[in-house]
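Q: Please take a close look at one strand and its surroundings. I want its cover, its pairing and its charged contacts, then how the rest compares in kind.

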Amino acid sequence: MDSVGVAAAAPDAGPGPAWQSKCPWGAPSTTSISCSLADVMSEQLAKELQLEEENAAFPEVVVAAEGPFITGENIDTSSDLMLAQMLQMEFDREYDAQLRREEKKINGDSKVSISFENYRKVHPYDSDSSEDEVDWQDTRHDPYRADKPTTTPRRGFIGKGKDITTKHDEVVCGRKNTARMENFAPEFQVGDGIGMDLKLSNQVFNALKQHAYSEERRSARLHEKKEHSTAEKAVDPKTRLLLYKMVNSGMLETITGCISTGKESVVFHAYGGNATEDDKVIPPECAIKVFKTTLNEFKNRDKYIKDDYRFKDRFSKLNPRKIIRMWAEKEMHNLTRMQNAGIPCPQVVSLKKHVLVMSFIGQDQVPAPKLKDVTLSSEDMKKAYYQILNMMQQLYRECNLVHADLSEYNMLWHDGKVWLIDVSQSVEPTHPHGLEFLFRDCRNVSQFFQKGGVAEALNERELFNAVSGLNITADNEVDFQAEIEALEKMNEDHVQNHGKKLSTFSSDGDPPIYDE
């Protein structure tokens, strides 16, 4: 008998005494199944174990067959599929192993690696196919930071001799600068540097830092401008709320759309409602002038309002948004003066903050054309010239105003006559630059009608004397403007010394002075 058989038969000896079964050092009560060495070394058993493994690997394909595995003595033609799958599985294992060897050869110790995972033959049994692949997202390793951070000692360097490294080392500073880029604003895209040993110099990092700071401020300004300003043909949320309230209150029936845009305002067309505003009958068609709340359009226009005594005390250089509301209020007061004097102009309906509602100059949502866009006959052109001359005199003498921006762009032709619009910048003649503005208006009007073929059109100096009533006799334009500046200086000095306003100027150059 072989040694295995003897070892297996030893526990089958006669039972021992009762105390032996209770002894902890006694033989175990359970007996193992006897197995000979020949059975262990049998090829039949190996084939059966392999068949069980294949059945577990491919349960949906392989049909469990009763009996032993395929042998030379028991050939079953139906098992050709099994043989083909076994060969394919072995080939796939060798192919995956070859891919892993190629990966290790190409990657080496590089931090940037490639993977052939998409080309592998993955099988349920092949549990070790991806044991060498580690997803970087599942790790907490920071490629910019050492695994064991080393602190710089107080002396400011580490190492000795040629291996000395200071805190100003180019490589150390470069890696630190790369890590600091993560602190930039989220709007500034720094890219994905994971797995790359990037080193940014101090010069490049400082430039990127300054650029990120500038981009952050610019995005904040754009957001503020979008939320709190009136853009081209669009309104900000606050202005939209004001328009909604006007519609809900019944003052306006509906707002149809934008009809004009300018440097300082956007004009919308609307149909009037049935309600009354301050005992005023609302016209069937209205024009809504929304002054732009962007402050860049008013940087050079404060001279029209800061020296106007009507708004001088309320003018604030530190709060530009109040200037916009005063600009709308200024146009409302100027239009009211012109309307009371009988000058053709839009009728004021209501003013809400920076939104001014006026009567619409036009018909059926079509605005009246500007004087520069309409083609008039010589008779109509002559008629328009004398009408404008009369309106300028009325504006100066009865309304005590100077348009300050009078040109063919701010005059409309409707119902056979000229209408004046855009009087928000109009000032009184006692303004420190009032006469200069009047001379500029006279130049624009004179040049337009002289080009239009009106022979009776006066030149700018003659038109200025005809409107203002002054008798400035100067041979050239330079001397003429010098006398205008002298009159303005005289008026300004008197206002500062006596606190009184001048209503007009006499023909001989000495303006009469009297109280308000």
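A: Two strands pair if DSSP finds at least two bridges between them. The model is predicted. By that rule, strand β4 (residues 265–272) and β5 are paired, in the antiparallel sense, over 7 bridges. The strand to look at is β5, residues 285–291.

Start with cover. Buried means under 20% relative accessible area. In β5, 7 of its 7 residues are buried. In a regular strand the side chains alternate between the two faces of the sheet. Here E285, A287, K289 and F291 point one way from β5. C286, I288 and V290 point the other way. Both sets are buried.

Now the partners. On the β4 side, F268 has I288 of β5 as its bridge partner. S265 stands opposite F291 in β5. On the β7 side, β5 pairs with strand β7 (residues 355–359), again in the antiparallel sense, over 5 bridges. There K289 has L356 of β7 as its bridge partner. So β5 is bridged to β4 and to β7.

K289 deserves a second look. The residue is buried. K289 is also part of a network of salt bridges, where it is linked with E331 and D422. K289 thus appears both in the strand pairing with β7 and in the charged network.

Follow the pairing outward to β4. In β4, 7 of the 8 residues are buried, so the strand is largely enclosed by the rest of the structure. β4 also pairs with strand β3 (residues 252–261), in the antiparallel sense, over 7 bridges. One opposed pair is G257 and H269, the latter in β4. A hairpin joins β3 to β4 through 3 residues. From β3, then, the pairing runs to β4, from β4 to β5, and from β5 to β7.

Cysteines come up along this path. C286 sits in β5 and is buried. C258 is partly exposed, because its relative accessible area is 31%. C173 is buried, because its relative accessible area is 16%. A disulfide is a covalent bond between the sulfur atoms of two cysteines. A search of the whole structure finds 0 disulfides.

C173 leads to a helix with a covered side. In helix α6 (residues 170–180), C173, G174, N177 and T178 are buried. They cover an arc of only 140 degrees around the axis, which puts them on the same side of α6. For β5, by contrast, buried residues point both ways.

Strand β10 (residues 411–414) is another element covered on both faces. M411 and W413 lie on one side, L412 and H414 on the other, and all are buried. β10 pairs with strand β11 (residues 417–420) in the antiparallel sense over 4 bridges. M411 has L420 of β11 as its bridge partner. The two strands form a hairpin with 2 residues between them. In the turn, D415 has a positive phi of about 55 degrees.

Back to charge. The whole structure has 6 salt bridges. Outside the K289 network, consider these pairs. The side chains of K372 and D373 meet at 2.7 Å, N to O. K372 is partly exposed, with a relative accessible area of 36%. D373 is also partly exposed, at 49%.

E456 and K382 form a salt bridge at 3.3 Å, N to O. This pair links distant parts of the chain, 74 residues apart. E456 is in the loop between α11 (434–451) and α12 (460–468), and K382 is in helix α10 (residues 378–397). E456 is partly exposed, with a relative accessible area of 34%. K382 counts as partly exposed at 32%.

R443 and E477 meet at 2.5 Å, N to O. R443 lies in helix α11 and E477 in helix α13 (residues 477–498), so the pair ties together parts that are 34 residues apart in sequence. R443 counts as partly exposed at 25% relative accessibility, and E477 does at 28%. K289, in contrast, is buried.

Last, the surface. F91, Y95 and Y119 make a nonpolar patch of about 340 Å². F91 lies in helix α5 (residues 80–107). F91 is partly exposed, with a relative accessible area of 47%. For β5, the picture is cover: 7 of its 7 residues are buried.

How values were computed
Residues are numbered from 1 along each chain as its sequence is written. This is a predicted model: local features need pLDDT of at least 70, side-chain atom pairs count only at pLDDT 80 or more; totals for chains, interfaces and linings use all residues. Side-chain values use heavy atoms; hydrogens and water are left out. Patches are made of residues with over 30% relative accessible area and no salt bridge: like charges are joined within 9 Å, nonpolar side chains (Val, Leu, Ile, Met, Phe, Trp, Tyr) within 5 Å. Accessible areas come from the Shrake-Rupley method with a 1.4 Å probe; for residues, only the protein chains shown count as cover. A salt bridge is a side-chain nitrogen of Lys or Arg within 4 Å of a carboxyl oxygen of Asp or Glu. Buried means under 20% relative accessible area, exposed over 50%, partly exposed in between (1.4 Å probe, protein chains only). A disulfide is a pair of cysteine sulfur atoms within 2.5 Å. The arc is that of the directions from the helix axis to the C-beta atoms.
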